[in-house]
Amino acid sequence: MQRKQQEITIDAILDLVRAVNPDKEALDLIQRAFLYASEQHKTQLRKSGEPYIVHLLNVAYILADLKVGPKAIAAGLLHDVIEDCDISKDQLAAEFDDEIATLVESVTKIGNIEFKDEKEYMAVNHRKIFIAMAKDIRVILIKLVDRLHNMRTLQFMSEIKQKKIAAETLDVYAPIAHRLGISEIKNELEDLSFYYLYPDKYYEVAHLVEMRKAERDLQVNTMIKDISALLTENKIKFRIFGRSKHLYSIYKKMTTKNKRFDEILDLHAIRIVTTDKVSCYEILGYIHADYRPIPGRLKDYIAMPKMNMYQSLHTTIVGEGGSIYEVQIRTEEMDSIAEKGIAAHWHYKEGSKFTPEKNQKEIEDRLSWFKDFGNLTQESKDADEYMDILTHDVFEANVYVMSPKGRVIDLPNGATPLDFAYRIHTEIGHATVGAIVNNVLVPLNTPLKTGDVVSIKTSKQSNGPSEDWLKIVKTTHAKSKIRNYLQKKEMDDRSIYIEKGEHLFKEECKKRSIDDKELISSKRLENVFQHFTVGNLNDFYYAIAVKSLSLAAVFERLNVQKRGLLDGFNLDRVFRNTQVKKTVSKSGIRVSGVESMMISLAGCCAPVPGDDIVGFITKGQGVKVHRKDCVNIKNETKRLIHVEWDEERKEGKYEVKLYILAQDRSFLISDLVTIISQCKAGLVAVNSTVNEDKVTATTYLNVVVSDAEHLKVVMANLKKIENVFEVQRAQN
C-alpha cells in the first residue's frame with residue numbers, strides 16, 4: 001500500500017492557515033519556524049533519501065488542515081530539533097517562546113537513560129507523551145500527525161521495523177485518535193497498520209471490496225437518487241453521498257464477529273448531512289415511512305453522543321431488491337466533528353482572549369473520559385502499569401454506563417459494579433458493600449451493559465477490599481487500587497508482627513540471662529543481619545515473628561551461652577568459627593539458618609535448577625521460591641530472603657509451562673509433541689487455540705525438564721519447527 005506523496009511547500013501551508021487565520025503575526029511565526037527547521041535539519045536525509053524538511057512540511061500541512069493554531073503548526077515544523085539537532089529546550093524557548101518549546105519537548109523521546117528492555121523504553125516514552133497530553137491536547141495532535149506521515153512513508157524501513165511500528169500504531173496511536181474522535185486519522189492509521197502487519201489479509205479484503213465495487217456503486221447511487229427525490233419533495237435542505245468502510249474495519253468485523261464478507265450489513269452506506277438537529281429527526285421519519293427499517297439497528301447518537309463527542313443518527317433499511325443500507329444522518333457540525341474530532345470542535349486561537357488552559361478545560365467538559373485520563377496520569381507512577389491501564393481501561397472501553405446523576409462512565413467489556421465504583425473514586429471503591437443496577441440489587445461480580453444505571457452502596461464500617469476482589473474486577477485501574485490497599489494493610493499488619501518479634505526476642509534474651517539492650521546494638525548485630533539477609537532491626541523482628549528466622553539459629557550464630565556473652569563480644573571471631581546449619585528442601589533449595597519452615601517452588605513462574613531465584617516469605621505456607629524476574633514479586637521489598645540451589649541435590653523433575661505462537665496449520669501439535677519427546681522431556685498437558693485473526697494459534701505446553709540447560713535445549717528445538725514464531729516461558 002504505497003501512498004503517492006503530495007509535494008508540500010511552505011506556501012501551501014500558509015494558504016491553509018491564511019484561510020482560517022489571516023493574522024500576519026501568525027503567518028510570520030510559521031514562516032520563521034520553517035526557516036529555523038530548514039537550517040537545523042539541512043544536512044539530514046530520511047530513509048527515502050529525501051531532505052528531512054519534507055517530513056516536517058507534511059506534518060505541518062496536516063496540522064494546518066486540522067485547523068489547529070499557528071503555535072501548534074510551528075511546533076510541528078520544529079518537533080524534531082531537540083531530538084535530532086542537539087538543540088535544548090531553553091535554546092528553542094529563547095528563539096521562539098516557552099509554549100512552543102514545551103510542545104516540542106513534550107513530543108521528544110526520552111534519551112540518555114538506561115532501560116531494562118525495549119518494552120520499558122516504549123512505555124516510559126508513551127507515558128511522557130500522554131502525561132503532556134493531559135495538560136495540553138496539542139501534544140497528542142502533533143504526535144498523531146507525526147506518526148501518520150511516518151506510516152505513509154513506512155515502505156522505506158526494514159520489514160522488522162515496519163511490523164514493529166505498525167503494531168505500536170495499532171495498539172496505541174489509532175485508539176487514541178479514535179478516543180479523540182479524529183476518524184480521518186484513525187482510519188488511515190488502521191489501514192496502513194493492517195497493510196504492514198497482515199499484507200495477505202489486506203489484499204484479500206481489498207480484492208473482495210473491489211469485486212463488488214461496480215455493483216455496490218450502482219445500488220448506492222440509485223438509493224441516493226430516490227432519497228434525494230424524497231427529501232426535495234419535502235423541502236428539506238441536505239447533501240447526500242455514499243461512503244465506503246475502511247478495510248481494517250471490515251476485516252475486524254469479519255474476525256471478531258466471525259462473519260463472512262457478504263454478511264457485513266453496512267457495506268452499502270449512505271450519509272445525509274443537513275442544517276440542524278430537528279431536520280435530522282425529520283429526515284429519519286421520512287426514510288422510515290418509505291423504507292422498512294431493520295429492528296434493533298436504530299441508534300441515536302445525537303441524544304446520547306459517544307464518548308469521543310461523535311453525534312449522528314444511524315438506521316439500517318431494506319431497499320429495492322432486498323439490498324441493505326446503513327444510513328447516517330447528521331448536521332454539518334456533527335459531520336466535521338465525526339471526521340476531525342476535537343480538532344474540528346475546538347481550534348486553538350492563541351492570544352489574549354483564548355488560552356490553552358481555557359481550551360483544555362473545554363475539552364475536559366466535552367470529553368468526560370479526559371478528566372479520568374488526567375487523574376490516571378497523576379496516580380500511576382510505574383510506566384508499564386500506566387500503559388496497561390491506558391490500553392485495557394481507556395482504549396478498549398466500549399461499555400457505557402451511568403451514575404444516578406447522569407454521569408457517563410466508559411468501561412471495558414466484562415466490567416463489574418466494583419470497576420464502576422473505583423472509576424468514580426478510589427475511596428468509594430474501598431468502601432463498597434453492594435450495588436444496585438437499574439433499581440435492582442445485584443452481586444458485585446455482575447457484568448455491566450451499555451445503558452445500565454449503577455448505584456454503589458458504601459459503608460464506613462466496610463472491611464475494605466479483599467484478595468477475592470481481584471478476581472471480580474476487570475479494569476487494570478481497579479486491580480491496581482486494590483493491590484495498593486492490600487499492600488498498605490499488609491504493612492500495617494507488619495507493624496504488629498514487628499512488635500511480636502521484638503517481644504519474642506527479648507523474652508529469649510531474658511531466658512538466656514542476656515542483656516538485650518547490649519545485644520541489639522547495631523554494630524553487634526550487623527553481621528547477623530548480613531548472614532541472614534536481613535535489612536534492619538525491624539526486618540529482623542518481623543522474620544522472627546513469622547518464623548522465617550528461628551531464635552535458635554540467631555543465638556547459635558552469636559554463640560551466646562546461658563551465663564552471658566563471650567568476653568568482649570568478639571563477634572568477628574565467633575562468626576569465623578561458627579558453622580551455620582543449612583537445610584535442603586525436597587525441591588533442592590538451600591536456605592541459610594532456616595530449620596523448620598516449609599520450602600517449595602512457586603507455581604506461577606516454575607523455577608528450575610540454573611534459574612536465578614529468591615525466596616518469598618508467605619503467610620502460612622512457608623517460603624515460596626520464585627525466579628528473580630517473576631512478575632508476582634517485582635514490587636516486593638520486605639519479605640524476600642536469599643535462597644540457592646543445592647549443589648549436592650539429586651537430579652529432579654521440574655514442570656514448566658511454555659507459550660508458543662505459531663501459524664495455524666495441520667500437524668502443528670504433532671510436531672510440537674515429537675520435539676518434546678526427542679529432547680527427552682516429559683509432557684504433562686497441551687492446550688491450543690486458534691487466535692481471533694484465524695491465522696495464528698496459541699499453544700501452552702506443560703513440560704517436565706531436569707534443569708535450566710535442559711529447558712533451553714527444548715525451547716531452542718521448538719523454535720526450529722516450521723511456522724513457529726515465538727517460544728517463551730509462560731507465567732501461570
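A residue is called buried here when its relative accessible area is under 20%. With that in hand, welcome to a few close-up views of this predicted model.

**View 1. Strand β15 and its covered residues.** Strand β15 spans residues 613–617, and 5 of its 5 residues are buried. In a regular strand, side chains alternate between the two faces of the sheet. Take a look at how this plays out here: Ile613, Gly615 and Ile617 point one way from β15, while Val614 and Phe616 point the other way. Whichever way they point, all of these residues are buried.

**View 2. The strands that pair with β15.** Strand β16, residues 623–627, runs antiparallel to β15, and 5 bridges join the two. To find your way along this pairing, start at Val614, whose bridge partner in β16 is His626. Strand β17, residues 640–641, also pairs with β15 in the antiparallel sense, over 2 bridges. Here a handy landmark is Gly615, with Ile641 as its bridge partner in β17.

**View 3. Helices α12 and α13 packed together.** Two packed helices are described by the angle between their axes and the distance between the axes. Helix α12 covers residues 199–233 and helix α13 covers residues 247–256; they pack at an angle of about 100°, with their axes 10 Å apart. Angles from 65 to 115 degrees count as roughly perpendicular, and α12 and α13 are therefore roughly perpendicular to each other.

**View 4. Where α12 meets α13.** From α12 come Lys201, Tyr202, Val205, Ala206, Leu208 and Val209, which meet Leu247, Ile250, Tyr251 and Met254 of α13. Sorted by class, this contact of α12 with α13 has 9 nonpolar residues, 1 charged residue and no polar ones.

Conventions
Residues are numbered from 1 along each chain as its sequence is written. This is a predicted model: local features need pLDDT of at least 70, side-chain atom pairs count only at pLDDT 80 or more; totals for chains, interfaces and linings use all residues. Side-chain values use heavy atoms; hydrogens and water are left out. Buried means under 20% relative accessible area, exposed over 50%, partly exposed in between (1.4 Å probe, protein chains only). Helices (H or I, at least four residues) and strands (E, at least two) are DSSP runs, numbered from the N terminus. Two strands pair if DSSP finds at least two bridges between them. Axes are lines fitted to C-alpha atoms, for helices over the stretch in contact, and angles run from 0 to 180 degrees between N-to-C directions. Angles under 35 degrees count as roughly parallel, over 145 as roughly antiparallel, 65 to 115 as roughly perpendicular and the rest as oblique. Contact means heavy atoms within 4.5 Å. Ala, Val, Leu, Ile, Met, Phe, Trp, Tyr, Cys and Pro count as nonpolar, Asp, Glu, Lys and Arg as charged, and the others, Gly among them, as polar.
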